[in-house]
Amino acid sequence: KDKLGSAPATVTVRANSTQEANLVLAMASAAAAKEAQAKNAAIQKTFDEGVQLSNAGNHDAAIAKFQEAIGIIPTCYNCYNNIAFSYTAKKDMANAEAAYKKSIEVKADDAAAYVGLAGIYFNTGKAADAKPLVEKAVSIDPSNADAHYIYGMTLVSEDPAKAKSHFEEFVKLEI
């Protein structure tokens with residue numbers, strides 16, 4: 001990882017014998033460690049501010065905060081999920097869809113993004129597009145209650161028995 005110090009070490013290994021080598025990963029310097037801590041604190045503060053703004057219903061400011069956090073750490077998939085949530089609350093489904101897709105691009109096994117995107121599709125009359133997304137979400141995280149609920153909804157007309165099992169799982173997980 002960047003900013004880690006390195007020092008070459010030679011280890012001799014012989015057949016039929018055991019050798020021990022202790023490797024220590026450490027920051028290159030105290031200044032680099034301080035810089036990393038400051039970066040982590042900045043992202044956490046910015047992210048928390050975005051959550052507070054979102055919870056208060058100030059979605060435009062929340063989106064700006066999450067985008068600021070992405071500027072610090074571009075792989076913040078939770079930032080993209082929260083941006084999508086705020087866009088959904090604003091009824092801006094096109095931008096919500098794009099944010100969930102970006103989250104999936106950043107973290108392909110992010111069940112929450114698949115569920116969020118499936119919810120958008122299901123609620124805009126695209127149940128067929130939602131179904132593979134919730135199937136993926138359930139395979140990634142079988143304990144995601146919302147995935148089971150939306151999956152059940154996509155199955156109601158084609159396979160009521162399977163839909164029922166997903167609704168039952170939803171109820172079990174929600175209790």
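# A walk through the helices

Start by selecting helix 2, whose buried residues are His59, Ala62, Ile63, Phe66, Ala69 and Ile70. They cover an arc of only 120° around the axis, which puts them on the same side of helix 2. Here, buried means under 20% relative accessible area, exposed means over 50%, and partly exposed is in between, with a 1.4 Å probe and protein chains only. The arc is taken from the directions that run from the helix axis to the C-beta atoms.

Before you click on, know that this is a predicted model: local features need pLDDT of at least 70, side-chain atom pairs count only at pLDDT 80 or more, and totals for chains, interfaces and linings use all residues. Residues are numbered from 1 along each chain as its sequence is written, and side-chain values use heavy atoms, with hydrogens and water left out.

Now spin helix 2 around. On the face turned away from the buried side you'll find the exposed residues Asp60 and Gly71. Why does a one-sided pattern show up in a helix? An α-helix has 3.6 residues a turn, so residues three or four places apart point the same way.

Next, check the length of helix 2, residues 59-72. At 1.5 Å a residue its 14 residues should span 20 Å, and the end C-alpha atoms are 20 Å apart, which agrees. The expected span is 1.5 Å times one less than the number of residues. Helices (H or I, at least four residues) and strands (E, at least two) are DSSP runs, numbered from the N terminus.

Hop over to Thr46, which sits in helix 1 (residues 30-55). Is Thr46 buried or exposed? At 5% relative accessibility, Thr46 counts as buried. Leaving aside neighbours within four places in sequence, Thr46 is in contact (heavy atoms within 4.5 Å) with Lys65, Glu68, Ala69 and Ile72. You've already met Ala69 among the buried residues of helix 2.

Time for some sulfur: select Cys76 and Cys79. A disulfide joins them, S to S 2.2 Å; the rule is a pair of cysteine sulfur atoms within 2.5 Å. By that rule the count comes to 1 disulfide. The torsion about the S-S bond is about 75°, so the disulfide is right-handed. Both Cys76 and Cys79 are buried.

Move on to helix 4 and colour Ala96, Ala99, Tyr100, Ser103 and Ile104, which are buried. They cover an arc of only 140° around the axis, which puts them on the same side of helix 4. Ala94 and Glu105 are exposed on the other side. To see what covers the buried residues, show the neighbours too: they include helix 3 (77-89) and helix 5 (111-123).

Keep Tyr100 selected, because it also helps line the second largest pocket. Other lining residues include Phe85, Thr88, Met93, Val115 and Ile150. Helix 3, helix 4 and helix 5 each give two or more residues to that lining, with the largest share, 5 residues, coming from helix 5. A pocket is an open set of points on a 1 Å grid over the protein atoms alone, with protein on both sides within 12 Å along at least five of seven lines, and lining residues have an atom within 4 Å of a point.

Last stop: Val156, in the loop between helix 7 (145-155) and helix 8 (160-174). At 41% relative accessibility, Val156 counts as partly exposed. Val156 touches Ala163 and Phe167, not counting residues up to four places away in sequence. Draw a distance from Val156 to Phe167: they are 11 residues apart in sequence and 10.0 Å apart in space, C-alpha to C-alpha.

Key:
On a 1 Å grid over the protein atoms alone, a cavity is a set of points where a 1.4 Å probe fits but cannot get out, and a pocket is an open set with protein on both sides within 12 Å along at least five of seven lines; lining residues have an atom within 4 Å of a point.
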